[in-house]
Amino acid sequence: MVKKTQTAPQVEYVDVVDQNDRPLMVMPLTEVHRQGLFHRSVMVLVFDPEGRLYLQKRGANKSLYPGRFDLSATGHVRAGEARTEAAARELAEELGLAASSLTLLDAAPASRETAYEFVTLYNAGRTSEQPRPNPDEVAGGMFVDTAELAALVRDYRDWLTPAVVHFYEKRTLFPHAL
């Protein structure tokens, strides 16, 4: 008889930072979220050749905003990891895409509204490659243009994560249209 062994879920460690985004210590992400401690996250925008923004649909298993539409790729910066490395990693893990370059677009300070995350937003640019959502991370997605996103924010705000609304209202999400 062959005995199956279960592997324990991988613990993700992140840097806990102070109110000025200076590292203090390393802790498991689940504990950082439980205690509401400051830490770092990244978000990446991906556009199709027509300039439409890809919105991922968060998986039903996500602890924050399950089933809502979020920016193209999002995730936490691991302990000791550079933000650009985290952005490239999340883009590959969630959508199976590699960016030829990542451009820093904006940032949001840590607050209750950001789940105590210092958020850094990157633009991966336009790609003709179709996103391949990882079902362990993402439940799907869609490309939207500026008018479609405006309608979603206006009429279906509760379908979106606060990050989508925040960066939309700052006019950051369609940098090539400005």
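Leucine 160 is found in the loop that links α3 and α4 of this predicted model. With a relative accessibility of 1%, leucine 160 falls under the 20% limit and therefore counts as buried. Apart from neighbours within four places in sequence, its contacts are Arg68, Phe69, Leu152, Val153 and Val165. Serine 101 stands 59 residues from leucine 160 in sequence, and the C-alpha atoms of the two are 27 Å apart in space.

The interior can be described through its nonpolar cores. The largest of them has 21 residues, and those with the most contacts inside it are Leu53, Leu55, Leu71, Leu149, Phe167 and Leu173. At least two residues of this core come from each of β3 (39–47), β4 (53–58), β8 (117–126), α3 (146–155) and α4 (162–169). Helix α4 gives the largest share, 4 residues. A second core, separate from this one, has 14 residues, including Val44, Ala73, Val77 and Ala86.

Leucine 71 has contacts beyond its neighbours within four places in sequence; among them are Met43, Val44, Leu45, Tyr54, Leu121, Ala163, Phe167 and Leu173.

On the surface, Val11, Tyr13 and Val26 make a nonpolar patch of about 280 Å². Tyrosine 13 belongs to strand β1 (residues 13–17).

The table sets out two residues by accessibility.

| Residue | Relative accessibility | Class |
|---|---|---|
| Leucine 160 | 1% | buried |
| Tyrosine 13 | 43% | partly exposed |

Why does tyrosine 13 count as partly exposed? Its relative accessibility is 43%, which lies between the 20% limit for buried and the 50% limit for exposed, so tyrosine 13 is placed in the class in between.

Conventions:
Residues numbered from 1 in each chain as written. Predicted model: local features only at pLDDT ≥ 70, side-chain atom pairs only at ≥ 80, totals over all residues. Heavy atoms only, no water. Core = buried A, V, L, I, M, F, W, Y, C linked by side-chain atoms within 4.5 Å. Buried < 20%, exposed > 50% of the residue type's maximum accessible area, 1.4 Å probe, protein only. Contact = heavy atoms within 4.5 Å. Patch = residues over 30% accessible without salt bridge, like charges linked within 9 Å, V, L, I, M, F, W, Y side chains within 5 Å. Areas by Shrake-Rupley, 256 points an atom, 1.4 Å probe, with all protein chains shown as cover. Salt bridge = Lys/Arg side-chain N within 4 Å of Asp/Glu carboxyl O.
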